[in-house]
Amino acid sequence: MTHRPDLIDPGRLAAEAPPAHHTFGPDVLAGIRERAELGRYPIRGWGARRAVPDFDDLLLLTASASRYPLEGYRERCDTRTVFGARRAARPVVLDIPITIAGMSFGSLSANAKEALGRAASMVGTSTTTGDGGMTPEERSASRTLVYQCLPSRYGFNPTDLRAADAVEIVLGQGAKPGGGGMLLGQKVGARVAGMRTLPEGVDQRSASRHPDWTGPDDLKIKIEEIREVTDWQIPVYVKVGATRVDHDVRLAVAAGADVVVVDGMQGGTGATQDAFIEHTGIPTLAAVRLAGDALADLGLTTDVGLIVSGGIRTGADVAKALALGADAVSLGVAPLVALGCNAPTYRRRPVPPPDSAPTGASDSAYVEVDVSAEYAALGTAPGHCVHCHTGRCPVGVTTQDDTLAARLDPVLGATRVANYLRALAMETTMLARACGKSDVHRLEPEDLVALTVEAAAMARVPLAGTDWIPGR
Amino acid sequence: MGELSGTTAVVDEARDEIVLDLAAMSTREANAALRSLPDGARARLDNPAGRHNLAVGLTRAVHVRIAGPAGYYVGGLGAAAEVDVDGPAGWGVGENLMSGTVRVRGAASQSAAASAHGGLVVVEGDASLRAGISLKGGQLAVAGDVGRSCAFLAQAGTILVGGDAGEALGDSLYEAVIYVAGRIRGLGTDARVEDLTEADVAAAGALAAAAGFDHVDPQNVTRVASVRSLYHFDTAHHGAY
């Protein structure tokens, strides 16, 4: 008979946690119970939470004897990034290769959109509209604004198109490639509904494909139309959710895209089905290399830009994405966190005593207001919240409620996001200099190794300490 | 006719039209010439041969006549202008129109007037699949038949079908209203036939008059509108699509 002390030693059972059940873990059990109770699927915000190979699985091989580093604080490392010079009369010129991704007014509050626009302008980069169109606040706050043309065409109009600095035709996004947008009724207030020509309060489910074209041959004609309407002034981006990246990049290029935007599965959303977020698309790490290689194979790395998004957090992520072929990255979730998303507090200006002299708007002039209880009321907690879809964002980022939205000061928010983007740019140049590059765009796959076999296979760089690239 | 200096355009003085010969001009040149015209000007595009993207993005109250078949998106993303196509048109005629009129003196291919926010798109022949898809306040009048999924996801505006409507008419409608003079092969999810009111007769009559449809009796059209049962998530909707 086999000795089974775990069965006969109650003391040991009490002292040790029972073995985790992989297939039916606590999250799975909770998910089954939720579906059983509500009869529907979970909907949430943000991107994939599951662990997938990502940029943390890569390391940069900085200079030593065989490479010559640049002085970290003294020698220039360029970050200027230009898109669309081949066809557009007014190419997009960015000071840093770090942009802000498309997020809708509707999903985000008007203050949040304004703050992102201000921040992008402060650091010389672009921000992007989203489903539902362009707000005047966002246009005026943004030096470089990319105008999305989405399947829903909510709020899409030629006046705003001509007022944009680039147009991005959205075929999909990383959080839900193949799916349309979603904005639940609690966020479809009067202004949002008006901009989208929808009844107030409907659960808005956007179309997943464009109304007036279907395949890549049609897309070519659509891009020509947009160029005609904008008098060939501005670049045309095409955004895809990362699935069949090699094919999609080639088709976007064939259709005439100036820039291809590839959004990996870690890319965020304001609301969609959890099953979509966690089970569709491929990781950003795999997508960037596929896209970069497709452009290289076409001989178009100079003429067609590549922007990669989905889970970019740090300058190290940026440097690695550029090394794998991206010309720039695009961030969604991270700038929202910089705005205050998931913080336990929001900051507001103190109410001055009557007849007091006006004070400045420095950080120290603000008071912190704890909203942990409001997270709890949503069934979540600061640091874990993905409840953007509820419209009850305690810090005013993803809400259309006037009281909640007022908690986000767009000026303070912009300062924080600009600080964050600057820090990312500095980290990127620091790493590029250490690799001996005087331009961040000169980072290359040869500067990378992988920590895991999976990452080595996806990024097609050697496993650290070897010259082995899986599949080669 | 006299030639305009610096362009390949000529002026048809008898018709008071500027004539652009597409056999000798690129689409870009032709559209740039159209955009430069002042309010009230008249232009004619000869030899269109199904060229795509003609007369798109116009912003002034000009009249443009396309003397032959046009390709995709003719008159699309436009405002204020009056665009006539003397022949059939391809996909997306008058797509995302903001105001003004696009008239097709023939049949139109798929997605006529897609996402039109305003203005009027008239198809004097039949229109193919998804006519009026995602309509956002514009008006579409089709003299003949429309194919499957007419008014799919149409949000606002009015569609008049002078002939018969295909399957899945009005699928997933929001607030747009459809009037059909002929038969309806089938309704889409969340669309229903509703009683015709005096306001409907007036609206259908006004649209027929604007389109020049003498064959449509506004007293004898069928009104199709949204049930509005899909406006909010409901588990019971599973399988409705």
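Is Leu58(A) buried or exposed, and how many other C-beta atoms lie within 10 Å of it? In this predicted model, Leu58(A) is buried, with 28 other C-beta atoms within 10 Å. The residue has its place in strand β2 of chain A, and its surroundings bring together parts of the chain that are far apart in sequence: Leu58(A) and Ala316(A) are separated by 258 residues along the chain, yet their C-alpha atoms are 9.5 Å apart in space. When neighbours within four places in sequence are left aside, Leu58(A) is in contact with Lys320(A), Leu448(A), Ala450(A), Ala455(A), Ala459(A) and Val461(A).

## The two chains

The table sets out some overall values for chain A and chain B.

| Chain | Helices and strands | Extent along the principal axes | Buried share |
|---|---|---|---|
| Chain A | 17 helices and 18 strands | roughly 80 × 65 × 55 Å | 54% of the 472 residues |
| Chain B | two helices and 13 strands | about 65 × 35 × 25 Å | 56% of the 241 residues |

For chain A, the radius of gyration is 23 Å, close to the 23 Å that the globule rule gives for 472 residues, so chain A is as compact as a globular protein of that length. For chain B, a compact globule of 241 residues would have a radius of gyration near 18 Å, and the value of 19 Å found for this chain agrees with that.

The contacts within each chain can be described by how far apart the partners lie in sequence. In chain A, 68% of the contacts between residues at least 6 apart in sequence join residues at least 24 apart. In chain B, the share of such contacts that join residues at least 24 apart is 23%.

## An annotated domain and helix α16 of chain A

An unreviewed UniProt entry places the feature "domain: Glutamate synthase" at residues 87-342 and 384-437 of chain A. Over residues 87-342 of chain A, the chain is 37% helix and 18% strand, with its end C-alpha atoms 41 Å apart. Over residues 384-437 of chain A, the chain is 54% helix and 0% strand, and here the end C-alpha atoms are 38 Å apart.

Helix α16 of chain A covers residues 410-434. At 1.5 Å a residue, its 25 residues should span 36 Å, and the end C-alpha atoms are indeed 36 Å apart, which agrees with the expected span. Just after α16(A), Gly436(A) takes a positive phi of about 85°.

## The nonpolar core

What is the size of the largest nonpolar core, and which residues have the most contacts inside it? This core has 215 residues, and those with the most contacts inside it are Val260(A), Val262(A), Ala291(A), Val74(B), Val121(B) and Val161(B). The largest share of the core, 10 residues, comes from α16(A).

One of the residues with the most contacts inside the core, Val121(B), can be followed further through its partners. Leaving aside neighbours within four places in sequence, Val121(B) is in contact with Val93(B), Gly94(B), Leu97(B), Val102(B), Ala112(B), Ala113(B), Ala116(B), Gly138(B) and Leu140(B).

## Where the chains meet

The contact between the chains takes 34 residues from chain B and 22 residues from chain A. On the side of chain B that touches chain A, the elements that give two or more residues are α1 (27-35) and β9 (136-142) of chain B. Of these, α1(B) gives the most, with three residues. By class, this side of chain B has 14 nonpolar, 16 polar and four charged residues.

## Two loop residues with positive phi

Two residues in loops, one in each chain, can be described in terms of their backbone and their surroundings. Trp46(A) has a positive phi of about 70° although it is not a glycine, and this residue lies in the loop between β1 (43-44) and β2 (58-60) of chain A. Trp46(A) is buried, with 24 other C-beta atoms within 10 Å. Asp16(B) has a positive phi of about 55°, although it is not a glycine either, and its place is in the loop between β2 (10-12) and β3 (17-21) of chain B. In contrast to the buried Trp46(A), Asp16(B) counts as exposed, with 9 C-beta neighbours inside 10 Å.

Technical notes
Residues numbered from 1 in each chain as written. Chains lettered and ligands numbered in written order. Predicted model: local features only at pLDDT ≥ 70, side-chain atom pairs only at ≥ 80, totals over all residues. Contact = placed C-beta atoms within 7 Å. Helix = DSSP H or I, 4+ residues; strand = E, 2+ residues; numbered from the N terminus. Nonpolar A, V, L, I, M, F, W, Y, C, P; charged D, E, K, R; others polar. Expected span 1.5 Å × (residues − 1). UniProt positions renumbered as here; feature names shortened; annotations may be inferred. Core = buried A, V, L, I, M, F, W, Y, C linked by C-beta atoms within 7 Å. Buried ≥ 20, exposed ≤ 12 C-beta atoms within 10 Å, placed from the backbone. Rg over C-alpha atoms; globule rule 2.2 N^0.38 Å.
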